[in-house]
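Notebook open, coffee ready. Today I want to look up how the rings and the nonpolar side chains sit together in here.

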Amino acid sequence: MKKKLISLILSAITAATSLVVPVMAAEGFADVTGSACEEAVNALAEQGIVSGRAEGVYAPAEGLTRAEMVTIILRAYGSEEIEEDIEKFRDVPPSHWAYMYVETAYQMGIVSGMTETLFEPDTGVTYEQAVKMLVSAMKMDKKAEKAGGWPDGYIAVAEELGVLAGIDGTKGETINRGAMAQLVYNCLNAKAASEDYMINWDGIEEQYLWMRDERMRCVYDGIGVLREDETGVLKKLESAGLNCTFLNLLDGQFDHKTYDGQVGMLDMAAEYRKNFDLRVFIKINWGDNGYVTNTEFGQYHPGIPMETYFQIPCTLSDEYCDKQLIERAKLIASYPEFEGIILDFEMYSGGKSQYTSKCMCDNCWNKYLTAKKYSGEWAAVEAQDRNEYLKSNKKMDEYVEWFENEVTKMFTRVREAIHEVNPKMIIGYFPAYEWIPGMTEGLGTPERPVLVASENEYWGSLADTKVRMQEIKNNEDIHAIYCPGLYPGQGALSATQLEEKIKQAAPTTAGYWMYAGHTLRKDEANYAAVANGNAQLDKELASGNYTQLPEYEVRSYTATKIKGEAPTEEEWEKAPFTGDFLQYQSGNEIDPALLTRAKVLYSDNDFFVRIYGNDDMTKLNIGDPQPHDGNPWAGDCVEFFWKFDGTSDAAQLVSDLAGSLWDAYSTGIGSKNTSVNFEGFTSETKLYEDHWEMTLTVPGTLDGITKIKKGDILRLEIGRYDLDQRNNYCWAPTYGSYLGASSIWGIVELG
């Protein structure tokens with residue numbers, strides 16, 4: 001079943017329950033006036049979360065059913081994706097008015113049945129059941145389970161959060177509509193109060209406190225930059241207020257493929273480190289770095305039928321972990337001159353970029369079968385069929401949970417090995433929060449959190465930064481501090497933008513880091529930008545009055561459904577433009593000279609996108625059509641990216657301007673990888689003197705969707721890569737974070 005967003009399909013629910021009919025008098029409900037729940041009822045009614053039984057009548061003393069409670073919670077909190085119609089409860093069949101709500105809430109973990117197969121939708125919801133549903137909707141289950149589990153642990157957590165204020169509830173008794181409204185109102189207020197994304201430094205060991213007091217101000221470079229004299233880039237940046245550098249463990253003077261060569265590099269770095277006040281983090285790759293080949297040990301396999309795969313090591317290869325990570329990490333940790341280690345998980349190899357989620361290679365598969373004691377036909381499943389096999393046997397969630405636990409164990413081993421050598425060594429990683437599920441949990445502890453050196457902000461957009469920091473803070477099993485990364489030059493951030501982003505990103509996060517030093521050498525204006533940004537940061541830290549992360553307006557657009565299987569030219573002509581989308585980099589209006597607009601149509605099975613881009617076609621480097629090899633290195637091209645809002649799965653495709661579709665895949669944080677090939681895709685490009693036009697046919701099944709319906713939400717981003725701007729490649733993102741500076745973004749609702 002496709003992903004759904006409940007708040008957008010409320011109109012599809014019939015009046016089978018009077019709860020769903022929005023009834024509220026202009027002056028409120030007369031039967032709650034002066035009561036303890038008056039404020040809660042009226043506030044929720046204004047938001048469309050609760051409604052009356054009749055004009056001006058709320059009926060606070062009436063009970064409500066389990067199905068009604070689920071409906072209210074999903075109105076209040078929205079919903080996540082549901083992977084398929086499992087028809088879990090036989091008393092809530094697809095024909096039931098609450099089926100979609102109950103099904104979604106069950107798969108979100110908000111509710112469970114009264115028995116394995118019965119939900120009892122018309123039974124009155126008890127006090128403790130309502131509390132449990134709301135605590136689960138707030139994603140506090142782990143905390144509740146630690147506090148004692150069902151039901152007292154959930155009640156204890158609710159009480160701690162202030163959710164039970166003004167509630168006189170008794171376990172086993174049906175809750176009434178007034179108490180329900182107060183509960184939901186309290187929960188929403190508690191949620192708002194808890195959305196303090198800033199880092200809590202309490203209990204963190206002293207070696208981190210310079211980040212608290214100064215914020216990280218860091219530049220990335222090669223380790224050889226330490227040889228620079230006093231006119232070098234590091235000395236200049238140090239004088240401009242930097243306090244830290246990430247240095248890649250590669251240097252042309254040494255044979256980086258050998259252990260002795262790396263010892264030589266580190267000895268050199270330790271000696272030259274004395275010339276700088278900057279703190280030094282040494283960066284090592286987890287993927288392709290030449291020290292060992294990616295195919296020496298088990299090779300990552302996503303369990304999907306592709307002809308070729310990225311040359312990435314198996315995520316759970318103990319041998320690879322020992323040699324690639326632990327051996328070198330312990331070597332770095334033995335140098336007291338270095339502040340920390342940065343682990344790079346980008347998995348580059350052969351010009352291709354891919355981030356692993358769960359691996360289904362022979363190594364991982366056999367470990368899983370042994371752990372779960374599966375045999376017989378399980379052992380005979382080939383790698384390219386394993387993803388689909390898990391789905392068909394309804395074991396995907398089990399596999400994901402098993403895999404994440406194994407990853408946590410592996411990276412716990414890495415952390416413990418480093419701290420055995422040097423307990424004060426700070427561990428960090430690229431590129432963003434939880435690319436490999438379980439990694440952050442293993443690398444961080446409350447006293448020694450892992451540093452997330454994010455690449456999500458490279459092009460200047462801070463739209464997701466607060467969300468990611470809040471996710472980290474809300475997850476009791478994750479111990480991390482978040483530091484945005486900025487990309488000066490290279491067609492990304494100008495000096496003016498760099499200064500602005502330092503001022504915006506650093507005050508309420510762990511600071512900022514910049515990629516890379518070599519781009520700063522090329523533009524003197526960047527030094528002034530760094531100095532000005534740091535001067536402003538010093539003022540804010542001294543005053544305690546911090547600039548908050550910017551708010552971005554996310555604009556929406558309604559797509560049109562076509563009558564047939566493919567759109568006619570008349571349907572294209574009538575479809576509206578997405579002309580009001582924003583620039584991804586800044587959230588500002590698109591420069592008219594760079595305006596890129598799109599029209600989106602859809603059928604039950606496919607999306608159709610027609611992109612119109614203003615461009616100076618006289619300077620265009622069309623090049624040769626690209627093969628279908630997933631190679632992200634090309635000349636001028638167009639990137640089209642989409643994902644269903646609120647999900648971890650994402651998908652993208654890239655086309656060169658010669659009209660050849662050359663890259664397409666579905667991926668994401670913990671994504672449920674789907675079979676990706678080029679069947680069903682088409683790309684047609686027309687070039688004019690002052691603009692270009694591209695029409696794409698995109699199968700909805702790429703992202704695991706089996707049927708596309710009205711009310712679905714699509715996050716759409718489009719970028720054009722330009723050789724003249726030195727963007728001579730398309731860096732394929734997994735969720736749109738590396739789209740070029742002139743890309744557009746917005747939310748598409750299927751109408």
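Aromatic pairs went first on my list. I'm working with a predicted model, and a search of the whole structure turned up 28 aromatic pairs. I picked out Tyr-374 and Trp-378: their ring centres are 4.5 Å apart and the planes meet at 20°, so I noted this pair as stacked. The cut-off for stacked is under 30 degrees.

Is Trp-378 buried or exposed? I looked up its relative accessible area, which is 10%, so Trp-378 goes down as buried. For that word the value has to be under 20%.

Next I went after groups of rings. One aromatic cluster is made up of Tyr-220, Phe-246, Phe-281, Phe-430, Tyr-458, Tyr-487, Trp-513 and Tyr-515.

Then I checked for charges over rings. Arg-66 has its charged end over the ring of Phe-119, 4.2 Å from the centre. Arg-215 does this with Tyr-546, where the distance to the ring centre is 5.2 Å.

Last stop: the cores. In soluble globular proteins, nonpolar side chains tend to be buried together. Here the largest nonpolar core has 119 residues, and the members touching the most others are Met-216, Ile-223, Phe-246 and Leu-343. Helix H14, residues 396-421, gives this core its largest share, with 11 residues. I spotted Phe-246 in the aromatic cluster too.

I also pulled up the contacts of Ile-223. Skipping neighbours within four places in sequence, its partners include Leu-247, Asn-248, Asp-251, Met-265 and Ile-282.

There's a second, separate core as well: 58 residues, among them Val-32, Val-41, Leu-44 and Trp-97.

Note on methods
Residues numbered from 1 in each chain as written. Predicted model: local features only at pLDDT ≥ 70, side-chain atom pairs only at ≥ 80, totals over all residues. Heavy atoms only, no water. Phe/Tyr/Trp six-rings, centres within 6.5 Å; stacked < 30°, edge-to-face > 60°. Buried < 20%, exposed > 50% of the residue type's maximum accessible area, 1.4 Å probe, protein only. Lys NZ or Arg CZ within 6 Å of the ring centre and 35° of its normal. Core = buried A, V, L, I, M, F, W, Y, C linked by side-chain atoms within 4.5 Å. Helix = DSSP H or I, 4+ residues; strand = E, 2+ residues; numbered from the N terminus. Contact = heavy atoms within 4.5 Å.
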